[in-house]
Amino acid sequence: MPEPGPFSRRDFVATTGGAAIASMTGGLPGAARAADARKRFAMVGTGHRGTSMWGAELLKRHPDAIEFVGLCDINPLRAKAAGKLIGVSCPTFTDVDQMLDATKAEILMVTTVDAEHHKFIIKGLERGLKVITEKPMVTDETQCQAVLDAEKRTGNKVIVAFNYRYSPKHRKMKELLAEGAIGKVTSVDFSWYLDVQHGADYFRRWHRLREKGGTLFVHKATHHFDLINWWLDADPVTVYASGDLKKYGARGPFRHTNCRPCPHKANCSFHFDVTKDARLTALYSDCESFDGYQRDGCVFKEDINIFDTMSANIRYSNDVSMAYSVNAFMPFEGHRVAFNGENGRLEMRDYERQPWPVESKDTVIELTRNFGKRELISVTPEAGGHGGGDPALQRVIFGTTEPPSHLRLPGSRAGALSCLTGIAARKSVAEKRPIQIADLIKL
Ligand SMILES: NC(=O)c1ccc[n+]([C@@H]2O[C@H](COP(=O)([O-])OP(=O)(O)OC[C@H]3O[C@@H](n4cnc5c(N)ncnc54)[C@H](O)[C@@H]3O)[C@@H](O)[C@H]2O)c1
């Protein structure tokens, strides 16, 4: 029998921030799992993300690691539809306590709308479960403090599923910065472009309401702020932001409740026919009778209260400053991030979708040294969602080998600091002044 590796003895709880999931799945590096080593896996929030990455894809990739024992959603029709889409026949629930009592779950996966995450994270921690939450960990500072306090009180830890860290292109940037490719970093330019398809989709769904997703400064930018904190190995200190709604919502030329019955559909470039997508129909339109939630909501609805045009200046604990922006009605999707350093510049322009051909799916990183030459570093994406970030994150959580230290799993601290950057940005827009992260909560 192989010797247990260091990883296998660790307690999940003791390795936060950290990596311990082989212990979660009974894994020993290099050893086959026992037939009964699957962990009892329950999910709350059985929508798109729950049924895809954390549902069918997870089961396909790691069938020996988990067994679905319960699916919970406030919409019982969606929970049932989710079981079919994932391909499991476990019971479904509308009350998470009933699910956890009935199923004796060992892992709780939180994939609800963002503003509900904290309730289930805290419940899972209090019950001593292994808790994994989708990003953002929370949407305001009160929820954030409650999660951190629950961890202290219970001694248990949450994993925050920052898949973007795990895509090959982002890992490569981390490695180049860590090895000092441009010397000490002095400033960062970071622009994220959401296009008229993906960007517009946020304005059709629950994300359009700040009380559900905290605005895109939290819902979306938590990914970007986490990448920056990780790349720089620093904490955000001060945030000064601006945010506007310039294209969607009340700015639109006309509006209706949703696209299917809309009298303007022939003239609307944002018209979206949900009935053409069998998966979205099964998950949402077929479940509307219970909660009235429309997946094809009008992007010009007047209740939209988030921004589509955002920028922020952020200062970090290592004296780096960042100019950051997100725009949600661009003709192309992707991002550009550039690190200026004492000895050069490291830049990545990532193309996800654009109305012109790009030569290759590879991302090209440009490393230009002062008084030197430019080096082009090509990174090939891995198969799977988010450029391979999704399967790579799942391998770290459910696989049997220990990742290098920089790829250890993000915990509540990373979850908090990335959300707090967005929460501070939102507050800065409202109060028209710079916000200190330290004034929001006690870390
Ligand atoms: N990491 C990524 O790249 C990524 C990608 C997509 C979504 N996400 C995250 O995944 C989560 C889910 O997003 P989605 O796109 O699947 O949304 P969704 O609308 O498809 O699913 C959310 C589900 O939560 C349910 N829900 C809401 N409140 C609930 C409650 N109190 N109790 C139980 N169920 C509740 C809804 O009914 C819905 O079925 C979000 O937090 C989102 O930020 C992450």
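Visitor: Which residue in strand 12 is the bridge partner of Ala338?

Guide: That's Glu347. Keep in mind that this is a predicted model.

Visitor: Okay. How many bridges join strand 11 to strand 12?

Guide: Nine of them, between strand 11 (residues 333-341) and strand 12 (residues 344-353), and the two strands run antiparallel.

Visitor: And what joins strand 11 to strand 12 along the chain?

Guide: A hairpin, going through two residues.

Visitor: Which residue in strand 13 stands opposite Leu346?

Guide: Leu367. Strand 13 covers residues 363-369, and five bridges join it to strand 12, again with the strands running antiparallel.

Visitor: Let's switch to the open sheet. What is the order of its six strands?

Guide: The order is 3-2-1-4-5-6, and the pairing is parallel. Strand 3 (92-93) and strand 6 (158-160) are the edge strands, so to speak: each pairs on one side only.

Visitor: How many bridges are there between strand 1 and strand 4?

Guide: Four, joining residues 39-44 to residues 107-110. Val44 stands opposite Val110 there.

Visitor: Which strands does helix 15 touch when it packs on that sheet?

Guide: Strand 1, strand 2 (66-72), strand 4, strand 5 (130-133) and strand 6. The direction of helix 15 makes about 170 degrees with that of strand 5.

Visitor: At what angle do helix 3 and helix 15 pack?

Guide: About 65 degrees, with the axes 11 Å apart. Helix 3 is residues 48-61 and helix 15 is residues 389-398.

Visitor: Is the crossing left-handed or right-handed?

Guide: Right-handed.

Visitor: Which residues make the contact?

Guide: From helix 3 you have Arg49, Met53, Trp54, Leu58 and Arg61. Helix 15 brings Asp390, Pro391, Leu393, Gln394, Ile397 and Phe398. By class, that contact has seven nonpolar, one polar and three charged residues.

Visitor: New topic: pockets. How much space lies in the second largest pocket?

Guide: About 460 Å³. The lining of that pocket has 24 residues, and Gly411, Ser412, Arg413, Ala414 and Leu417 lie nearest its centre.

Visitor: Which helix supplies the largest share of the lining?

Guide: Helix 16, with four residues. Helix 7 (141-154), helix 12 (221-232) and helix 16 (412-431) each supply at least two.

Visitor: And how do the lining residues divide into nonpolar, polar and charged?

Guide: Eight are nonpolar, five are polar and 11 are charged.

Note on methods:
Residues are numbered from 1 along each chain as its sequence is written. This is a predicted model: local features need pLDDT of at least 70, side-chain atom pairs count only at pLDDT 80 or more; totals for chains, interfaces and linings use all residues. Side-chain values use heavy atoms; hydrogens and water are left out. On a 1 Å grid over the protein atoms alone, a cavity is a set of points where a 1.4 Å probe fits but cannot get out, and a pocket is an open set with protein on both sides within 12 Å along at least five of seven lines; lining residues have an atom within 4 Å of a point. Grid points are joined across faces, edges and corners, and a volume is the space filled by probe spheres set on the points. Ala, Val, Leu, Ile, Met, Phe, Trp, Tyr, Cys and Pro count as nonpolar, Asp, Glu, Lys and Arg as charged, and the others, Gly among them, as polar. Axes are lines fitted to C-alpha atoms, for helices over the stretch in contact, and angles run from 0 to 180 degrees between N-to-C directions. A crossing is left-handed if the near helix is turned anticlockwise from the far one by less than a right angle, and right-handed if clockwise. Contact means heavy atoms within 4.5 Å. Two strands pair if DSSP finds at least two bridges between them.
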